[in-house]
Amino acid sequence: MLGIVGGVVAAGIAGLVLLGAALESGFPEAEHELALPQKLLDEKYRLAEDLSGTEGRKVEDEADGAWDAKDITAVVGRYSPGGDDTKGMLLVSGMYGRFKNEADVRSGMLKGAGEADGVTVTEPPRDVTPAGADTTVTCEVLTQKQALATITYPVCTWADGNTAAVVGEVDLQREDTAGIDLDTAARNALRIRSEMIRPAG
């Protein structure tokens, strides 16, 4: 199930390549990039697997030539709570470079995640940006079935001029939407953004 869920999140970021009008102008300067720290969410999650060289490379190849993205580098990581994969996981699939049409970037990433094999969109995408935040967050709830296992989890995405990512926080014991709070998921996404973002170069 770990690999299956990871594929859903990676599919989300790959949705970026479907964007936009063929315009060369309007791209911001590259001021920020993303890194995969060893720990995320105030050290709740530890990096279990850096997939940037495999899944990330696929995303970069697919994004090559995208109309609304330039100079793309992908980072993909799987985190586990306290290093224990049996409790759940945090999946982060992100890109940095230069983006425009940010709302379309968010929409494309969530659309890609929701169309992965075995996935149902249980709660459709909506903006749930916490009060006072200066970056829009869009979240949805997915239910995923594989063999006898069913899990339900929130997926959130952000996109700004330099960074874009989709984040899935998975509790492997949850089978329905009970206990899922998209406001909390959005706040966590912004905390993850703040812990991953770095000055460019």
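This passage describes the fold, the central sheet, the largest pocket and two exposed residues of a predicted model.

The chain has 201 residues, and 49% of them count as buried. Its secondary structure comes to 4 helices and 10 strands. Along the sequence, these elements follow the pattern α-β-β-β-α-β-β-α-β-β-β-β-α-β. Contacts between residues at least 6 apart in sequence were also examined; 70% of them join residues at least 24 apart. The accessible surface of the chain is about 9,300 Å². Carbon and sulfur atoms account for 46% of that surface.

An open sheet of 8 strands was found. The strand order is 2-3-4-5-9-8-7-6, and the pairing is antiparallel. Strand 2 and strand 6 (119–127) are the edge strands, each pairing on one side only. In general, strands of a sheet pair through backbone hydrogen bonds.

Strand 5 spans residues 88–99. Of its 12 residues, 11 are buried, so the strand is largely enclosed by the rest of the structure. In the sheet order, strand 5 stands between strand 4 and strand 9. Strand 4 covers residues 69–81 and pairs with strand 5 over 9 bridges, in the antiparallel sense. Across this pairing, Ala74 stands opposite Met95 of strand 5. The two strands form a hairpin with 6 residues between them. Gly82 lies in the turn and has a positive phi of about 60°. Strand 9 (residues 163–171) also pairs with strand 5 in the antiparallel sense, over 9 bridges. Here Tyr96 has Thr163 of strand 9 as its bridge partner.

Further along the sheet order, strand 8 is followed by strand 7. Strand 7 and strand 8 (residues 149–159) are antiparallel and share 10 bridges. Among the paired residues, Leu142 has Tyr153 in strand 8 as its bridge partner.

The largest pocket has a volume of about 270 Å³. Its lining consists of 17 residues. Lys44, Tyr45, Glu169, Asp171 and Arg174 lie nearest the centre of the pocket. Strand 5, strand 9 and helix 4 (182–196) each give two or more residues to the lining. By class, the lining has 7 nonpolar, 4 polar and 6 charged residues.

Two exposed residues were examined individually. Lys145 lies in strand 7, which spans residues 137–146. Lys145 is exposed, with a relative accessible area of 56%; the cut-off for exposure is over 50%. Beyond residues up to four places away in sequence, Lys145 touches Gly118 and Thr150. Lys145 and Gly118 are 27 residues apart in sequence. Their C-alpha atoms are 5.5 Å apart.

Gln38 is located in the loop between strand 1 (32–34) and strand 2 (39–40). Gln38 is also exposed, with a relative accessible area of 56%. Neighbours within four places in sequence aside, Gln38 is in contact with Tyr45, Arg46, Leu47 and Tyr79. One of these contacts, Tyr45, is listed among the residues nearest the centre of the largest pocket. Gln38 and Asp50 are 12 residues apart along the chain, and their C-alpha atoms are separated by 9.8 Å.

Conventions: Residues numbered from 1 in each chain as written. Predicted model: local features only at pLDDT ≥ 70, side-chain atom pairs only at ≥ 80, totals over all residues. Heavy atoms only, no water. Buried < 20%, exposed > 50% of the residue type's maximum accessible area, 1.4 Å probe, protein only. Pairing = 2+ DSSP bridges. Contact = heavy atoms within 4.5 Å. Areas by Shrake-Rupley, 256 points an atom, 1.4 Å probe, with all protein chains shown as cover. 1 Å grid on protein atoms, 1.4 Å probe; cavity = no way out; pocket = protein on both sides within 12 Å on 5 of 7 lines; lining within 4 Å. Points joined across faces, edges and corners; volume = space filled by probe spheres on them. Nonpolar A, V, L, I, M, F, W, Y, C, P; charged D, E, K, R; others polar.
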